[in-house]
Amino acid sequence: MAVQKLPLAKALNESLRKALETDPKVLIMGEDVGKLGGVFRVTDGLQKDFGEDRVIDSPLAESGIVGTAIGLALRGYRPVVEIQFDGFVFPAYDQIVTQLAKMHARALGKVKMPVVIRIPYGGGIGAVEHHSESPEALFAHVAGLKVVSPSNSSDAYWMLQQAIQSDDPVIFFEPKRRYWDKGEVDTEAIPGELHKARVAREGSDLTLAAYGPMVKVCLEAAAAAEEEGKSIEVLDLRSMSPIDFDSIQRSVEKTRHLVVVHEAPVFYGSGAEIAARITERCFYHLEAPVLRVGGYHAPYPPARLEEEYLPGLDRVLDAVDRSLAY
């Protein structure tokens, strides 16, 4: 059955299964990915079906996990590493930015680094400290890394396939509060380009650009704005490095207004780069400054307060109103 309705987490599971079946050089490593199947069950059943040599339960040592993946890539494997939660990635940050991201350039192009690092990220699940971070900008700033995030089940399936097939390292951010959202997945479709943005909803008055968990919020905002007679285009960016500026530009030249939305703090967030670049490219088309909606420049709060911290429908619609009021 080519088309199935799957939760995002199950789509990722099916994608990993397909990769393991297709290429014997694909390996999965991480904390609790084997017998437990991952804390979100994304790797459920894979060790049973493919064995402990290919789905490997690692020690609690993120730096060691990524360092081992680099060594495996040098030997011709395609390791897929899971960092259990976003806030756990920082012990591995040194390996990622000083080794993984640099190896291809250091070897003058003679060495490939086909490593995927899967990171569940973002809030909205009522978790404790270090379990709800959005650190994507820290990785997008590093040359040599590709950084992507799906927003739906179909993209989760196909983008993970493409990331695994890439000869460059890919940081694959998974929006954990969307793991249980269901969507159609056509496993025989021809996927779009990994770093190409997707128009999730067409509109003519304003563009909302988002990725990962915020795409659903922006679609809800566009539906609410339609009741007030506003036509909002929603652009699913899908990739934070590289960014598909051409698609954003085409949308903004049509709508003349842009609001960028992400869970990560607005301060030094990816929305700042998009705002600056689109202002340069579309200066004579814009009828309002590019606005940004995101988290606050503060540590992620306790679970009881996270709904106040996370950008929601009201904050997105407020930015829409402010932009259109110019």
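Here is a walk through the fold, from the domains down to a few backbone details. Keep in mind that this is a predicted model.

Let's start with the big division. The protein chain splits into domain 1, covering 2–183, and domain 2, covering 196–323. Taken over C-alpha atoms, the centres of the two domains are 26 Å apart. Where they meet, domain 1 puts 28 residues into the contact and domain 2 puts in 21 residues. There is a database label to go with this: an unreviewed UniProt entry places the feature "domain: Transketolase-like pyrimidine-binding" at residues 6–181. If you look at that span, 36% of it is helix and 17% is strand, and its end C-alpha atoms lie 8 Å apart.

Now for the sheets. Strands of a sheet pair through backbone hydrogen bonds, and they can do so parallel or antiparallel. One sheet here is open, has seven strands and mixes its pairing, in the order E3-E2-E4-E5-E7-E6-E12. Strand E3 (55–57) and strand E12 (239–241) are the edges, each pairing on one side only. On average, neighbouring strands in this sheet are turned by 20° against each other, direction ignored. Helix H1 (residues 8–22) packs on the sheet and touches strand E2 (26–30), E3, strand E4 (78–82), strand E5 (116–121) and strand E7 (170–175). The direction of H1 makes about 135° with that of E2.

How is E12 held at its end of the order? Strand E6 (residues 146–148) runs antiparallel to E12, and two bridges join them. Val147 has Ser241 of E12 as its bridge partner. Ser241 is worth a second look, since a cis peptide bond joins Ser241 and Pro242, with omega at about 0°. Pro242 sits in the loop between E12 and H9.

Following the chain through that loop brings you to helix H9 (residues 245–255), which lies across strand E10 (206–210), E11 and strand E13 (258–265). The angle of H9 to E11 is about 175°. Those three strands belong to an open sheet of five strands with mixed pairing, in the order E9-E11-E10-E13-E14. Strand E9 (198–201) and strand E14 (291–295) each have a single partner strand, so one side of each is left without a neighbour in the sheet. From one strand to the next, the twist averages 25°. At the E9 edge, three bridges join E9 to strand E11 (residues 232–236), and the pair runs antiparallel. In that pairing, Arg201 has Val234 of E11 as its bridge partner.

Next, a helix pair. Two packed helices are described by the angle between their axes and the distance between the axes. For helix H3 (residues 62–74) and helix H4 (residues 93–100), the angle is about 25° and the axes are 8 Å apart. Because of that angle, H3 counts as roughly parallel to H4. On the H3 side the contact is made by Ser63, Val66, Gly67 and Ile70, while H4 brings Gln95, Ile96, Gln99 and Leu100. Sorted by type, the contact residues come out as four nonpolar, four polar and no charged.

One last backbone stop. Most residues other than glycine have a negative phi, and most peptide bonds are trans. Against that background, Asp32 has a positive phi, near 65°, in a residue other than glycine. You'll find Asp32 in the loop between E2 and helix H2 (46–50).

Technical notes
Residues numbered from 1 in each chain as written. Predicted model: local features only at pLDDT ≥ 70, side-chain atom pairs only at ≥ 80, totals over all residues. Heavy atoms only, no water. Pairing = 2+ DSSP bridges. Helix = DSSP H or I, 4+ residues; strand = E, 2+ residues; numbered from the N terminus. Axes fitted to C-alpha atoms, helices over the stretch in contact; angles between N-to-C directions. Contact = heavy atoms within 4.5 Å. Parallel < 35°, antiparallel > 145°, perpendicular 65-115°, else oblique. Nonpolar A, V, L, I, M, F, W, Y, C, P; charged D, E, K, R; others polar. UniProt positions renumbered as here; feature names shortened; annotations may be inferred. Domains from an automatic or database assignment.
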